[in-house]
Amino acid sequence: VNIHGTPPLLRIAVLAASLAFPAMAAEPTVHSWPQFRGSSGQGMAEGTGPRKWSRDAGIEWKVELPAHGWSSPVIAAGKIVLTGARKIGEKTILSTFALDIASGEKLWNADLFTPSPEETSALHGKNSLASSTPIIADGIVYVHFGHMGTAALRLDDGEVVWKQHIRYQPMHG
């Protein structure tokens, strides 16, 4: 299911881009990308990427993702963490999931929030229900779905540490 026009291949391409840094896969405890634009916020990574990169070249693995959104992947401890939204019938589920950086294997998935149709209707055309990039700090993944909820999960297993849903009227979706 494609949530609000978010192209499924975009999420796969983003994963492939995160794998363009082979040093991370080799030494996941040393290298990380724990927030939007990396450790320093400058969008620069250590190591070298593939010489050629396209849909078929320079890609270590591809995987179908369980949900769709615009958030950037974050990386720590050999895991790639993403957020997404999926529809089951009329119900929307907001989740966070982790993949193994070396294989793409799904490690855990946490369904966090089921917003009402009214909450999901205030969406800007250039946005998604999962746009905010997670942050990883001290073994905790922090995720934010705007007015639909915020949560903290353990990086190791996706266990929810806390969840909060503060209702407010979104301004720009």
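**Two antiparallel sheets and two salt bridges**

Strand 3, residues 91–100, pairs with strand 4 in the antiparallel sense, and 6 bridges hold the register between them. This is a predicted model. One pair of residues marks the alignment: Leu99 stands opposite Lys106 in strand 4.

Step back to the sheet around this pair. It is an open sheet of 4 strands, in the order 1-2-3-4, with antiparallel pairing. Strand 1 (74–76) and strand 4 (106–113) stand at the edges. Each has a single partner strand, so one side of each is left without a neighbour in the sheet. From one strand to the next, the twist averages 30°.

Now look for charged pairs. The whole structure contains 2 salt bridges. One of them joins Arg86 and Asp111, with the closest N and O atoms 3.0 Å apart. Arg86 lies in strand 2 (residues 79–88), and Asp111 lies in strand 4. The two residues are 25 apart along the sequence, and the pair links distant parts of the chain. How accessible is Asp111? Asp111 has a relative accessible area of 42%. The range for partly exposed runs between 20% and 50%, so Asp111 counts as partly exposed.

Further along the chain comes another sheet. Here 4 strands form an open sheet in the order 5-6-7-8, and the pairing is antiparallel. The edge strands are strand 5 (135–137) and strand 8 (160–164). Each of these two pairs on one side only. The twist averages 15° from one strand to the next in this sheet.

Inside this sheet, follow strands 6 and 7. Strand 6 covers residues 140–144, and strand 7 covers residues 150–154. They run antiparallel and are joined by 5 bridges. Where does Val141 sit in this register? Val141 stands opposite Leu153 in strand 7.

Arg154 belongs to strand 7 as well, since that strand spans residues 150–154. Which residue does the Arg154 side chain meet in a salt bridge? The partner is Asp157, with an N to O distance of 2.2 Å. Check the accessibility of both ends. Arg154 has a relative accessible area of 39% and is partly exposed. Asp157 is at 36% relative accessibility, and it too counts as partly exposed.

To recap, one open sheet has the order 1-2-3-4, and another has the order 5-6-7-8. Arg86 and Asp111 form a salt bridge, as do Asp157 and Arg154.

Conventions
Residues are numbered from 1 along each chain as its sequence is written. This is a predicted model: local features need pLDDT of at least 70, side-chain atom pairs count only at pLDDT 80 or more; totals for chains, interfaces and linings use all residues. Side-chain values use heavy atoms; hydrogens and water are left out. Two strands pair if DSSP finds at least two bridges between them. Axes are lines fitted to C-alpha atoms, for helices over the stretch in contact, and angles run from 0 to 180 degrees between N-to-C directions. A salt bridge is a side-chain nitrogen of Lys or Arg within 4 Å of a carboxyl oxygen of Asp or Glu. Buried means under 20% relative accessible area, exposed over 50%, partly exposed in between (1.4 Å probe, protein chains only).
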